[in-house]
Each structure stands twice: as structure tokens, then as C-alpha cells.
Amino acid sequence: MDIVIRPTQVDAVKLTAMIIADTLRRNPAAVLGLATGRTFQPVYALLVEEFTEGRIDFSGVTTFNLDEYAGIAETDPRSFSAYMREQLFSKVNVSPDRCHLPDGTAADLAESCKAYESAIAAAGGIDLQLLGIGLTGHVGFNEPGSALHSRTRTKALSEITREQYRQYFNNGQEVPARAVTMGIGTILDAQRCLLLATGSEKSAVIAEALEGPITASVPASALQFHENCTVLLDEAAASRLNNTEYYLTTFAHEPEWAEYRERNL
Ligand code: F6R
């Protein structure tokens, strides 16, 4: 795992967006695994800017989102489909038939989860998987206790997660109790994972996930198994880590980060 700490949320977001943009410039037919949530909104805004200014092209890109609420239709404004349309898909030239999200309303959810896994495999697997982290340590909606080899399936959301997402559900509407999510095994199959966490409220779970034991109780800790996982943090999210000095040297001195240092990122 490469852990990179940038001073502010803006710096961490910018570096994340540039890594994604560089991935698309190197491989215009990249398969991206996408995350929703607050953390990634400014990242998508920067990608839209890169596109608008002609520096990236989504016409050959395929996307697979991590998750969708069970029982919420893609047309519902609270769905993650709606989030993706609003934040990214409607603003860039990605082909709608190459944008995939789990179907939260499939008549046979188990079959539809299998089909999602098959579609990822048929696309050649995920080149770059974007990940946020929830307060329970979830990645995707793999809540504590998720099998570390799990594949796409429905998963009950914890009360902490439902509270985290309540802000999107107004007028007394309940946050769904379940979601369809890629499994930890699905995520670990990606060529590269990019976890972004910002803000002090993520500092405790980040310390557990990155420096604690690998355990299903903190699902994000499974990323310690991944051979090509980059974790991007701002100082606030990194504030409870122990090996901070070592992580700071990664960005300051390692050759793979030289081009980003030169670009003042
Ligand atoms: C969303 C997802 C979740 C979020 C996580 C962090 O597709 O898979 O794991 O990334 O809950 O959410 P925010 O960014 O809103 O703190």
C-alpha cells in the first residue's frame, strides 16, 4: 500500500483527480470502478473540468459503480445512478451503454449480482477502482463482518451507515435497509485501487484500516492485501496514523510521484 498525505482536502482531491485523468490519458479504453458519496463529488467536478477543457476523453471508457440501494430504481433522484448522472455521466462524453451500476430493483437480485460480476469480467476487469471509506470501515457497502472474499451481493446497511446517508433522504423518507454492493473480493481483483479519505471524522477508521489488523470487522483493512493500492489522505484524515513520517517521505521522495511533485500537486 502506498499511503500519500497531502496538506488539505483540496490537495488530496486534486491529486486523486489527476491520477484518474492520467489513467485515462494512458489508457483511453480504461475500465473504471466508481464510488459515490461526498468525498468524490469534488473529484468528479475536476474530471468534468479536465474533460471540458479537452484534456481527457471518456468516449472509450467503461464504468462499473460499487453499489446501489436495494429497492431504489435508477430513475429515483436518491439513487446512486442519479448521483452519477448528475456528478459525471451527463457532463462528459461517456457512452451510457458502457456505464454500469448494480440493479437495486432486479426481480432476482442474486442472479443480477452474478450478471454484474460477469459483466465486469467480460469488460476485462477493472483497471482503476475508486474507493471512499465509511465510518464503519466499509468500502463499497461491505459492512463489518463482510467476507474478505465476498462478491457482488445484497448486504444489510448498518445503523451508522444509514445515519451517514440520512442527509440525502428528506421528508421523513427512510434510508433503505439494504444495498447491492461489489464484494471485497471483487474490489481486490481490480488492477489498482485508489482510496480517498478526507476530514477528521475519517481519522479513526483510517488508522484502523491502514495500521490495524486485517479483519472483516474493518472491511477496508482487506486493502492491505492489495499489491497496487494507493491511499490518498488529507492531514485531517491522516491525523491518527502512527507512521506519518514514513508516508510523508513517499510523496516527497519516491520516483513514481516525481511527475506529480513537478506539477505542484
Ligand atoms: C459509495 C460507497 C461508500 C462511500 C463511503 C464514504 O458508493 O461505496 O463506501 O464511499 O460511505 O462516503 P462519503 O464519501 O460520503 O463519506
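**View 1. Helix 2 meets helix 3 in this predicted model.** Gln41, Tyr44 and Val48 of helix 2 touch Tyr83, Met84 and Gln87 of helix 3 (contact: heavy atoms within 4.5 Å; helices: DSSP runs of H or I, at least four residues, numbered from the N terminus). By class, the residues of this contact are four nonpolar, two polar and no charged (nonpolar: Ala, Val, Leu, Ile, Met, Phe, Trp, Tyr, Cys and Pro; charged: Asp, Glu, Lys and Arg; polar: the others, Gly among them). Helix 3 spans residues 80-87. Its axis lies 10 Å from that of helix 2, at an angle of about 40° (axes: lines fitted to C-alpha atoms over the stretch in contact; angles: 0 to 180 degrees between N-to-C directions). The two helices are therefore oblique to each other (under 35 degrees is roughly parallel, over 145 roughly antiparallel, 65 to 115 roughly perpendicular, the rest oblique).

Residues are numbered from 1 along each chain as its sequence is written, and side-chain values use heavy atoms, without hydrogens or water. Local features need pLDDT of at least 70 and side-chain atom pairs pLDDT 80 or more, while totals for chains, interfaces and linings use all residues.

**View 2. Helix 1 packs on helix 2.** Helix 1 covers residues 9-26 and helix 2 residues 41-52. Their axes are 9 Å apart, at an angle of about 50°. That makes helix 1 oblique to helix 2. Helix 1 contributes Gln9, Val13, Lys14, Thr16, Ala17, Met18, Ile20, Ala21 and Arg25 to the contact. Helix 2 contributes Pro42, Val43, Leu46, Leu47 and Glu50. Nine of the contact residues are nonpolar, two polar and three charged.

**View 3. Residues surround the ligand.** The ligand has 15 residues around it (a heavy atom within 4 Å). The closest are Thr39, Asp67, His138, Tyr165 and Lys202.

**View 4. Side chains make polar contacts with ligand oxygen atoms** (pairs of N or O atoms within 3.5 Å). For Thr39, a polar side-chain atom is 2.5 Å from a ligand oxygen. For His138, the distance from a side-chain N or O atom to a ligand oxygen is 2.7 Å. For Thr36, the corresponding value is 2.8 Å.

Methods
Polar contact = N/O pair within 3.5 Å; in protein donor to acceptor, adjacent residues only side chain to side chain.
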